[in-house]
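Colleague: Before I use this model, could you take me through the reasoning behind some of its labels?

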Amino acid sequence: MSKCERKDYIKAVQCLWRLPTRAPEFSAAQNYFDDFVAIHLSLTDFIHGTGNFLTWHRYLMFLWEETLRNDCGYKGALPYWNWFKYQDNLAASPVFDGSDTSLGGDGEYFAHNGSLVGGGRVWLPSGEGGGCVKSGPFKDFTINLGPIRPAMDGYLPLMTNQLDYNPRCQRRDLTNAASAYFTAESLYDILMGDHSATIAAFQDELQGPQGTLRLHGAGHYSMGGDGSDVFTSLNDPAFYQHHAMIDRVYWIWQVLHPREADTIAGTRTFRNMPPSPDATVDDILDMGVLGPHLPIKSMFDTLSGEPLCYIYV
Ligand SMILES: [Cu+2]
């Protein structure tokens with residue numbers, strides 16, 4: 001993206017803070033940016049490690065882009081964070097370099113003992129941040145929901161109720177340790193290699209078996225701070241670029257595996273805890289107030305026009 005295009009995107013995202021909330025059931029939500037966080041938070045246990053993980057988040061990305069276009073005048077494309085550039089030095093990445101065309105830089109220094117991820121079985125050392133994001137276009141923007149389960153040490157959930165109002169700065173700890181998982185080998189493995197033949201193999205490896213860290217987690221834990229919270233990671237605006245990349249990789253996998261492209265695998269609860277029936281392609285994706293509730297099967301074809309109409313470049 002040119003710098004002008006990046007600024008257009010950032011301006012449109014900032015506009016979401018000025019759009020009124022449409023979700024009165026989430027009293028902490030102050031604006032439409034918060035509504036995205038609130039809906040995701042309230043559904044967390046039913047949209048991760050489930051049969052609808054890829055399609056629910058695909059639809060979320062679509063509704064995010066639609067909102068930027070229809071309510072905030074955005075005319076560009078939805079940018080994705082290419083994990084395979086700058087992974088050894090995230091602070092130099094155009095996404096995180098702290099310039100006014102980035103999504104903000106690292107947080108202020110905050111002494112902490114890294115992050116425990118992968119269900120508490122993988123420890124990642126601290127980076128040099130962890131506090132409020134110091135620079136960039138979202139530095140002075142307030143977030144209002146969470147944290148609920150941040151992986152970063154020392155960042156404690158303050159709330160008694162998950163839906164409490166907790167206005168604060170957005171925090172980040174850029175860690176190259178997590179981004180070490182962004183390798184060509186991991187990408188090949190899920191697109192063409194050992195974990196590519198079925199949707200189950202692809203999605204389980206993308207998210208990581210219990211006790212491991214893989215590409216999906218690597219993006220979240222590379223950001224640390226608010227981006228490391230499975231419930232409320234949408235508080236970090238870079239969530240949307242990370243998940244656009246997740247969707248892009250899913251899209252590439254579908255193109256490479258046309259016979260499997262319209263299949264799903266998995267149940268309706270997080271890693272099937274508590275046990276639940278298998279998801280079906282007719283299951284309805286609950287998007288709260290963000291958009292119409294549509295079946296999983298309407299998310300397979302990004303060029304169907306009903307409603308999706310996009311490709312990645
Ligand atoms: Cu999610």
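Modeller: Gladly, with the reminder that this is a predicted model. His40 is buried, as is His57, and that label applies because each falls under 20% relative accessible area.

Colleague: What makes His40, His48 and His57 donors of the copper ion?

Modeller: The NE2 atoms of His40, His48 and His57 coordinate the copper ion at 2.1 Å, and a nitrogen within 2.8 Å of the metal counts as a donor, so the three qualify. Along the chain these donors follow the spacing H-x7-H-x8-H. Distant parts of the chain are linked in this way, with His40 in helix α2 (residues 32-43) and His57 in helix α3 (residues 53-72), 17 residues apart.

Colleague: Why is α1 called roughly perpendicular to α3?

Modeller: Helix α1 (residues 3-15) packs against α3 at an angle of about 85°, the axes being 9 Å apart. Since angles of 65 to 115 degrees count as roughly perpendicular, α1 is therefore roughly perpendicular to α3. Tyr9, Ala12, Val13 and Cys15 of α1 make the contact with Trp64, Leu68, Asp71 and Cys72 of α3, a set that divides into 7 nonpolar, no polar and 1 charged.

Colleague: Which residues have the most contacts inside the largest nonpolar core?

Modeller: They are Tyr9, Leu60, Trp64, Phe202 and Tyr240, in a core of 76 residues. Helix α3 supplies the largest share of this core, 11 residues. Setting aside residues up to four places away in sequence, Tyr240 touches Tyr9, Phe36, Leu60, Met61, Trp64, Pro79 and Leu234. There is also a second, separate core of 7 residues, among them Val117, Ala151, Ala178 and Tyr221.

Key. Residues are numbered from 1 along each chain as its sequence is written. This is a predicted model: local features need pLDDT of at least 70, side-chain atom pairs count only at pLDDT 80 or more; totals for chains, interfaces and linings use all residues. Side-chain values use heavy atoms; hydrogens and water are left out. Donors are N, O and S atoms within 2.8 Å of the metal (3.2 Å for Na, K and Ca); water is not among the atoms, so sites may look incomplete. Helices (H or I, at least four residues) and strands (E, at least two) are DSSP runs, numbered from the N terminus. Buried means under 20% relative accessible area, exposed over 50%, partly exposed in between (1.4 Å probe, protein chains only). Axes are lines fitted to C-alpha atoms, for helices over the stretch in contact, and angles run from 0 to 180 degrees between N-to-C directions. Angles under 35 degrees count as roughly parallel, over 145 as roughly antiparallel, 65 to 115 as roughly perpendicular and the rest as oblique. Contact means heavy atoms within 4.5 Å. Ala, Val, Leu, Ile, Met, Phe, Trp, Tyr, Cys and Pro count as nonpolar, Asp, Glu, Lys and Arg as charged, and the others, Gly among them, as polar. A nonpolar core is a set of buried Ala, Val, Leu, Ile, Met, Phe, Trp, Tyr and Cys residues joined through side-chain atoms within 4.5 Å.
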